[in-house]
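Here is a structure to read through by question and answer. The sequence and the model come before the discussion.

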Amino acid sequence: MIKINIQKRLVMAGGEALLKVDTEISRESFVALYGRSGAGKTTLLRILAGLLEPEKGIIEVDGRCWLNTDRKIRLPVQQRQIGFVFQDFALFPHMTVRENLRYALKPEKDPGLVSRMLAMVDLEQLADRKPAMLSGGQRQRVALIRALMRKPGILLLDEPFSSLDAEMRQELQDQISALHRQFNLTTLLVSHDMAEIYRIADRVIWLDEGKVLRSGPPDALFGNVRLSSKIRLTGKVLRVAKSGVVSIVEVAAGNTVIKVVVTAGEAEELHPGDTVGIFSKAFNPVIRKI
Ligand SMILES: Nc1ncnc2c1ncn2[C@@H]1O[C@H](COP(=O)(O)OP(=O)(O)OP(=O)(O)O)[C@@H](O)[C@H]1O
C-alpha cells in the first residue's frame with residue numbers, strides 16, 4: 001500500500017493553488033493521473049519520486065516512511081525503488097541501446113537481464129544502435145526497460161506516449177500492460193487521454209487545480225454505466241450506417257475495424273470521431289461513448 005498525504009503550493013500563471021492530495025494506492029494497481037494541463041499531475045509524480053519536496057506531507061510505502069515533513073524524514077531518490085519514464089525519455093545519446101541499459105543496471109546484478117529485457121520488447125536487433133538511429137516508439141521502449149533495470153516496485157510514467165502516432169501508442173500501451181503484470185509493478189501514469197486510460201488503467205485519480213476531483217475505476221468515472229465486461233476495447237467511430245431497423249457502427253480499434261450493431265436510438269448518440277468503449281455483455285458487444 002502506498003499512502004500519500006501531501007500539500008504543496010503551486011505557482012500558476014494566474015496565481016497560486018494548493019496541491020492537496022490524500023489518497024491510498026494498492027500494490028500492483030495501474031493508476032492513471034488524469035486532469036487538465038496544470039492540475040498538478042507531474043508535480044505529484046515528482047513528489048512521490050523524491051525529486052520535489054512538498055511543504056507538508058507524509059508518504060508511506062508498505063509501512064515504510066519515505067517522507068514525513070514534521071519528523072524531517074526524507075528518503076533520497078536512489079533509495080525509493082522507483083522507475084521513472086519522462087516524455088522526453090532522456091537516453092544518453094553517445095551510448096548504444098545496450099550501453100544505456102547496462103549503465104542503469106547495478107554492477108552486481110544479473111548481467112543477462114539486459115538481453116532478456118531487450119527480447120521482451122523486440123529490440124534485440126537494435127541493441128548496438130545509438131538512440132538517434134531509433135524511431136520515437138523504439139526510444140520510448142528503451143526508456144521503459146531502462147526504468148525497469150533495477151527492478152523497481154513502482155513505475156512512474158509521465159505522458160510517455162505523447163510523441164507517438166496512434167499505432168505505436170497502442171503497441172507501447174500493450175507492452176507496458178504486459179510488463180506491469182509480469183513485474184508485479186504498481187504503475188502511475190500521467191495521461192490526458194481517456195481512451196488510453198480506459199485501455200490500461202484500473203483506477204483513475206482525476207486532479208483539478210491541485211485537488212482530487214474524483215477517483216475510481218475508469219468506466220465508473222468516464223462511462224455512464226458500469227458493465228460486467230469480458231472484452232474491453234476502446235476506439236474511434238469511423239461511420240454510423242443505417243441498416244434496416246438497426247444501425248451498424250464501425251469503430252477503429254488499433255489495426256482492426258470492429259462493427260457493432262446498435263439500435264436507432266443508440267446510433268443517434270454516436271458520431272464519427274467519438275471515442276467509444278466496446279464491452280461484451282451476455283456475449284453481445286455493447287458500445288458506449290466515453
Ligand atoms: N516546483 C514547483 N513549485 C511551484 N509550482 C510549480 C512547481 N512546478 C510546477 N509548478 C506549477 O504547478 C502547476 C502544475 O504543474 P504540473 O506540471 O504538475 O501540471 P500537470 O497537471 O502535470 O500539467 P501538464 O498536463 O501540462 O503536464 C503549474 O502551473 C506549474 O507552473
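**The ligand shell and the domains**

Q: How do the residues of the shell around the ligand divide into nonpolar, polar and charged?
A: This is a predicted model, in which local features need pLDDT (the predictor's confidence in each residue, from 0 to 100) of at least 70, side-chain atom pairs count only at pLDDT 80 or more, and totals for chains, interfaces and linings use all residues. Residues are numbered from 1 along each chain as its sequence is written. Ala, Val, Leu, Ile, Met, Phe, Trp, Tyr, Cys and Pro count as nonpolar, Asp, Glu, Lys and Arg as charged, and the others, Gly among them, as polar. The shell holds five nonpolar, six polar and one charged.

Q: Which elements each supply at least two residues of the shell around the ligand?
A: A residue belongs to the surroundings if its C-beta atom, placed from the backbone, lies within 6 Å of the ligand. Among them are Met 12 and Lys 41. Helices (H or I, at least four residues) and strands (E, at least two) are DSSP runs, numbered from the N terminus. The elements are β1 (2-12) and α1 (41-49).

Q: Which element gives the most to the side of domain 1 that touches domain 2?
A: The protein chain is divided into domain 1 (2-222) and domain 2 (232-289), with bounds from an automatic or database domain assignment. Their contact (C-beta atoms, placed from the backbone, within 7 Å) takes six residues from domain 1 and five residues from domain 2. Both α5 and α6 give two or more residues to the domain 1 side. With four residues, the one that gives the most is α6.

Key. Two residues are in contact if their C-beta atoms, placed from the backbone, lie within 7 Å.
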